[in-house]
Amino acid sequence: MGDPHARKSTAITRLRSQLRKKRESLADQFEFKMYMAFQFKDEKKKPALFEMAEVVPVMTNNYEESILKGVKEEAYSYESSRELLERDVVQLHSPRWQSMRKDVIGCTTEMDFFLWPRNDIEKIECLLFSRWKGEDDSAYKPIQAEFEFAHQDYEKLLMRLLARKDKNGLIINNPTQSMFLFIDRQHFETPKNKAIVFKLSSVCLYLPQDQLTRWGPGRMDEVMHPYLET
């Protein structure tokens, strides 16, 4: 059967060679599943869990052409070229989701989650899973990367947005810059007062390309089980 690590290394090397020719990214060779959980301060309260309807990968900081040119001109070593590849970052965009609540009829909607003002959320967490395209019989595996946004961090950033006049396209990110939230600002007016409300309209995860094949143990259903317990 051969060494599995050697097989994986050979497969990725072959893929990267093909992708450079096609001007595609390594991320295009995967299918992704993403979940977003809103964890509440009240530990007795179940997380609000959503499955993303679609996950669109987009490469940023793409150095594929530079790598090809450097290899051709023998400007740097294999180690240097690998470092360039590992600097590539994959953006995983998702603007639509579906609630995982059993008492809610499942339907896909645009993101429109009331984020502020409220004080019951502890953190926002995303869980990412992937598998190779074409391997429909294979299970999705958890990617070993952390995507979390604590309430004190995003509330502090939302406070800064209060002075902004923009209504749409506002963006905030967690301290590790692995999660970016797209925010809509809305005004509500009642006979007695006026209020500004921030709602989540889209999410984008940032993942270094070299972590695309860094899978953790367990299957997707096993990882998600604690979030789905009744």
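The following exchange asks how some of the labels given to this predicted model are reached.

Reader: What makes the contact between Lys-45 and Asp-120 a salt bridge?

Author: A salt bridge requires a side-chain nitrogen of Lys or Arg within 4 Å of a carboxyl oxygen of Asp or Glu. The side chains of Lys-45 and Asp-120 meet at 3.8 Å, N to O, and therefore the pair satisfies that rule. The two partners come from distant parts of the chain, 75 residues apart, with Lys-45 in the loop between strand E1 (30–40) and strand E2 (48–52), and Asp-120 in the loop between E7 and E8.

Reader: Why is Lys-45 called partly exposed, and what is said of Asp-120?

Author: The label partly exposed covers what lies between buried, under 20% relative accessible area, and exposed, over 50%. Lys-45 has a relative accessibility of 43%, so it counts as partly exposed, and Asp-120, at 22%, therefore counts as partly exposed too.

Reader: How do you know that Glu-110 and Arg-96 form a salt bridge, and which strands hold them?

Author: Their side chains meet at 3.5 Å, N to O, which is within the 4 Å that the rule asks for. Glu-110 belongs to strand E6 (residues 109–110) and Arg-96 to strand E5 (residues 96–99), so the salt bridge ties together parts that are 14 residues apart in sequence. Arg-96 has a relative accessible area of 28%, and is therefore partly exposed.

Reader: What makes Glu-148 and Lys-123 a salt bridge, and why can the pair be said to tie parts of the chain together?

Author: The closest N and O atoms of Glu-148 and Lys-123 are 3.1 Å apart, and the cut-off is 4 Å. Glu-148 lies in strand E10 (residues 147–150) whereas Lys-123 lies in strand E8, so the pair ties together parts that are 25 residues apart in sequence. Glu-148, at 27% relative accessibility, counts as partly exposed, and Lys-123 is partly exposed as well, with a relative accessible area of 23%.

Reader: How many salt bridges are there by this rule, and which residues do shared partners join into one network?

Author: The count comes to eleven salt bridges. Salt bridges with shared partners join Lys-45, Arg-118 and Asp-120 into one network.

Reader: How do you know that E12 and E13 pair?

Author: Two strands pair if at least two bridges are found between them, and eleven bridges join E12 to E13, which run antiparallel. Glu-189, for instance, stands opposite Lys-194 in E13, and the two strands form a hairpin with four residues between them.

Reader: What other strands pair with E13?

Author: Strand E4 (residues 89–94) is joined to strand E13 (residues 194–208) by six bridges, and the two run antiparallel; here Ser-94 has Val-203 as its bridge partner in E13. E7 also pairs with E13 in the antiparallel sense, over three bridges, with Phe-113 standing opposite Leu-200.

Reader: Why are Pro-117 and Gln-177 singled out?

Author: Most residues other than glycine have a negative phi, and most peptide bonds are trans. The bond from Trp-116 to Pro-117 is cis, with omega near 5 degrees, and Pro-117 is found in the loop between strand E7 (113–116) and strand E8 (121–132). Gln-177, although not a glycine, has a positive phi of about 55 degrees, and its place is in the loop between strand E11 (170–173) and strand E12 (179–189).

Definitions and conventions
Residues numbered from 1 in each chain as written. Predicted model: local features only at pLDDT ≥ 70, side-chain atom pairs only at ≥ 80, totals over all residues. Heavy atoms only, no water. Buried < 20%, exposed > 50% of the residue type's maximum accessible area, 1.4 Å probe, protein only.
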